[in-house]
Amino acid sequence: MAFEALRSALARDGSISGPAALAALLSGARWDVPANTALARTLWAIWCDRLDMLMETGEFDPGRLESLAQAVDGLHDAGDTRVYMATVIDPPRRFHVYLSEDLARCVGAWEGRVNEQTPRTAT
């Protein structure tokens, strides 16, 4: 049931990362739709701050920044509704997909990376 809901929501999603997340899902990528939800407004606050930091540091690919900004806008628009925080993992890509509480629509989706950076050292 969760797979079909995720597939269906991504198929109707018009975001930058939606089609790539759907393609990864259909090609056999690992996926997860946790049983718990969170307030969209709470996730918006977290990701809005992180987006600002990523833009300031310039350490994130511009296309993925645009994708994250679009997902942040979707979380903002969702307000006080609850959303599921699903993932589709197709290394080196990790898609973060926010689904409405009824699993009927995608609130936002963006592409991150698995193990994107090597650790920084002081030298």
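Strand β2, residues 37–39, pairs with β3 in the antiparallel sense over 3 bridges, and within that pairing Leu-39 stands opposite Arg-82 of β3. I should say at once that this is a predicted model, so that everything I describe this morning is a property of the prediction.

Staying with β3, which covers residues 82–90, we find that this strand is also joined to β1, residues 30–32, by 3 bridges, and that these two strands run antiparallel as well. Here the bridge partner of Arg-30 is Ile-89 in β3. Then there is β4, residues 93–100, which is joined to β3 by 8 bridges, again with the strands running antiparallel, and in this pairing Tyr-84 stands opposite Leu-99 of β4. So β3 has bridges to β1, to β2 and to β4. As a general reminder for looking at such strands, side chains in a regular strand alternate between the two faces of the sheet.

What do β3 and β4 form with 2 residues between them? They form a hairpin, and the loop between β3 and β4 is where Pro-92 is placed. The peptide bond that leads from Pro-91 to Pro-92 is cis, with an omega near 10°. A further backbone detail comes in the loop between β4 and β5, the latter being residues 106–113, where we find Leu-103; the phi of Leu-103 is near 65°, which is a positive value in a residue other than glycine.

Let me turn to the helices. Two packed helices are described by the angle between their axes and the distance between the axes. For α3, residues 40–57, and α4, residues 62–78, the axes come within 8 Å and cross at roughly 155°, and the two helices are therefore roughly antiparallel to each other. Their crossing is left-handed. On the α3 side the contact is made by Ala-40, Leu-43, Trp-44, Trp-47, Cys-48, Leu-51, Leu-54 and Met-55, and on the α4 side by Leu-65, Leu-68, Ala-69, Val-72, Leu-75, His-76 and Ala-78. Sorted by class, this contact of α3 with α4 has 14 nonpolar residues, 1 polar residue and no charged residues.

The other helix pair is α1, residues 2–12, with α2, residues 18–26, whose axes come within 9 Å and cross at roughly 145°; α1 passes α2 in a left-handed crossing. From α1 the contact draws on Phe-3, Leu-6, Arg-7, Leu-10 and Ala-11, and from α2 on Gly-18, Ala-21, Leu-22, Leu-25 and Leu-26. The residues of this contact of α1 with α2 divide into 8 nonpolar, 1 polar and 1 charged.

Finally, a word on confidence. The protein chain averages a pLDDT of 90, and 93% of the residues score at least 70. How many contacts beyond four places in sequence does the model have for residues 116–123? There are 5 for this stretch, over which pLDDT stays under 50. Where pLDDT is low, the predicted coordinates should not be read in detail.

Methods. Residues numbered from 1 in each chain as written. Predicted model: local features only at pLDDT ≥ 70, side-chain atom pairs only at ≥ 80, totals over all residues. Heavy atoms only, no water. Axes fitted to C-alpha atoms, helices over the stretch in contact; angles between N-to-C directions. Helix = DSSP H or I, 4+ residues; strand = E, 2+ residues; numbered from the N terminus. Left-handed = near helix turned anticlockwise from the far one by under 90°. Contact = heavy atoms within 4.5 Å. Nonpolar A, V, L, I, M, F, W, Y, C, P; charged D, E, K, R; others polar. Parallel < 35°, antiparallel > 145°, perpendicular 65-115°, else oblique. Pairing = 2+ DSSP bridges. pLDDT = per-residue confidence, 0-100.
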